[in-house]
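Please explain how charged side chains pair with one another in the structure shown below.

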Number of protein chains: 2
Amino acid sequence: MSDTNTLSHEICGILRDEILLQRYRSGERFPSERDLASRFDASRGAVREALSQLDQMGLIRSQPGGARIQSIDSASIAILGPLMVLNEFPDAELVDQFLQTFAALTSLSIKGAIEKADEAQLIQMTKMVVEMSRYANDFETMQPRMSLFHELISNITDNLVVRLIGNDLKAQFVEGMMQSGIKPMMNELSLEGFFKKLEISISKKDGAMAADAFDQHFEELRRATKLAIQTREQELSLKTA
Amino acid sequence: MSDTNTLSHEICGILRDEILLQRYRSGERFPSERDLASRFDASRGAVREALSQLDQMGLIRSQPGGARIQSIDSASIAILGPLMVLNEFPDAELVDQFLQTFAALTSLSIKGAIEKADEAQLIQMTKMVVEMSRYANDFETMQPRMSLFHELISNITDNLVVRLIGNDLKAQFVEGMMQSGIKPMMNELSLEGFFKKLEISISKKDGAMAADAFDQHFEELRRATKLAIQTREQELSLKTA
DNA sequence: CCGACCAAATTGGTCAGACCAAATATTAGC
DNA sequence: GCTAATATTTGGTCTGACCAATTTGGTCGG
């Protein structure tokens with residue numbers, strides 16, 4: 001969020017990961033502020049701020065008599081990025097859940113955008129899709145253009161709820177993937193098919209068709225990402241042996 | 001989240017609402033901790049905690065030299081509930097966006113649940129749908145059962161990303177609606193049709209059909225909620241005149 | 001042995017004052 | 001008017017203190 005070099009953020013990160021690693025049981029009392037201040041050789045004020053952050057993430061519940069560990073189910077989505085990269089390589093299942101959720105939200109957005117777009121916007125959308133399709137064989141050059149396309153869609157749809165979720169999830173997801181060096185290799189033919197279908201659906205103003213195109217696109221992305229993670233795991237296993 | 005009767009939470013809530021009411025421009029410097037401590041007749045420690053909360057919501061960016069106001073686009077979904085009830089009656093557009101987002105996430109969940117459910121779970125789902133359909137004419141009795149159904153779906157699908165989003169959004173949405181006393185009146189025939197279609201889709205293990213049933217259900221809920229808000233607005237207008 | 005009750009200890013919530021690093025505002029010089 | 005130096009402001013953190021709320025441990029009675 002902001003100046004995350006502060007002591008309280010550092011303490012929060014360490015405690016967050018301990019909680020996510022299940023070092024504490026749900027309902028258990030968390031160490032006291034005074035104990036944590038001693039453990040981290042910090043002031044109680046810095047520890048209080050760290051605990052307030054954990055509280056706001058839903059990981060603990062602060063109350064007089066001592067904070068309690070909360071169930072992960074009541075946590076905020078802010079924990080998903082850290083949860084994804086808790087171990088040596090990303091949690092493949094959680095990564096897949098991210099992608100499924102992106103797909104669902106994108107489906108909603110593209111339908112809304114095609115419904116709401118004026119002629120100029122539809123033309124712009126088509127232009128961007130054509131531009132992107134030139135890079136079906138170059139994922140890294142295509143990706144920033146895809147992001148711009150998503151932004152355009154989001155602006156046309158103008159659904160704040162979806163935007164805030166999408167921004168938050170994407171930031172965490174992208175950071176986690178970069179951190180672990182996972183790069184999915186998309187199938188070129190699949191990508192070309194996607195762009196073609198998307199272009200047609202826009203010209204026909206067929207939101208359902210566009211949504212279907214994106215669904216297929218995300219299925220391919222899920223496949224490619226799963227493969228990339230497996231490959232990475234195997235590399236790491238060979239390295240250890 | 002937790003003990004929200006604390007001074008820091010109170011201060012945070014007041015400042016959050018001022019920000020959401022656009023009392024400050026994006027990029028502008030926020031009042032200093034010392035000024036805010038004076039304004040609220042509180043210690044700097046309590047103010048610091050409040051600002052840390054605002055920072056974590058993405059509403060401000062704390063840094064030496066003074067915190068800066070951030071664009072709403074970078075905020076966390078935790079602001080959506082408060083944003084919804086900023087004024088006398090809920091923001092109808094935002095309420096609708098909530099419902100659209102619930103629909104998209106539910107669609108994903110029901111498809112996943114039908115795909116993953118074993119026989120016992122399918123039977124349980126069917127039972128719950130039949131139980132619910134008995135209350136098609138009594139929204140308030142039906143609603144808790146619908147919540148349980150959603151929980152079952154969520155448990156079967158087991159997508160943590162969707163669960164955390166759903167839990168957070170739902171908590172904020174329900175609180176906002178209760179606070180404003182808005183109660184949508186669902187069309188009984190529509191509800192009955194929904195339950196029937198849902199029951200059939202489960203027995204056929206047809207996830208797409210179930211998703212379609214929920215889409216239609218949410219369309220009806222959107223219509224009913226929009227009407228309820230309009231009715232409320234008109235009541236309040238008459239009251240003022 | 002178990003449950004109820006009470007006192008002591010522990011814990012969170014907040015305060016005031018101090019100090020240092022980083023950013024901002026002001027002033028002086030060209 | 002522009003730039004650099006200086007002063008001021010601001011955030012980040014610390015220490016020690018106090019009060020309200022919760023937890024713990026001990027005692028007593030059934």
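**Salt bridges within and between the chains**

At 34% relative accessibility, Asp73(A) counts as partly exposed. The model is a predicted one, and Asp73(A) offers a starting point for following its charged pairs. The side chain of Asp73(A) forms a salt bridge with that of Arg163(B), with a distance of 3.7 Å from N to O. This contact crosses between chains: Arg163(B) belongs to helix H8 (residues 160–180) of chain B, while Asp73(A) sits in the loop between strand S2 (68–69) and helix H4 (80–84) of chain A.

The partner in chain B is set in other surroundings. Arg163(B) has a relative accessible area of 11%, and it counts as buried because this value is under 20%. Arg163(B) also meets the side chain of Asp158(B) in a salt bridge, at 3.6 Å from N to O. Asp158(B) is partly exposed, and its relative accessible area is 36%.

A further pair lies within chain B. The side chains of Glu140(B) and Lys183(B) form a salt bridge of 3.3 Å, N to O. Glu140(B) is part of helix H7 (residues 139–157) of chain B, and Lys183(B) is in the loop between H8 and helix H9 (188–203) of chain B, so the salt bridge ties together parts that are 43 residues apart in sequence. Both Glu140(B) and Lys183(B) are exposed.

Charged side chains are also joined in a network. Salt bridges link Glu33(A), Arg44(A), Arg48(A) and Glu49(B). Over all chains, the count comes to 29 salt bridges.

How values were computed. Residues are numbered from 1 along each chain as its sequence is written. Chains are lettered from A and ligands numbered from 1 in the order in which they are written. This is a predicted model: local features need pLDDT of at least 70, side-chain atom pairs count only at pLDDT 80 or more; totals for chains, interfaces and linings use all residues. Side-chain values use heavy atoms; hydrogens and water are left out. A salt bridge is a side-chain nitrogen of Lys or Arg within 4 Å of a carboxyl oxygen of Asp or Glu. Helices (H or I, at least four residues) and strands (E, at least two) are DSSP runs, numbered from the N terminus. Buried means under 20% relative accessible area, exposed over 50%, partly exposed in between (1.4 Å probe, protein chains only).
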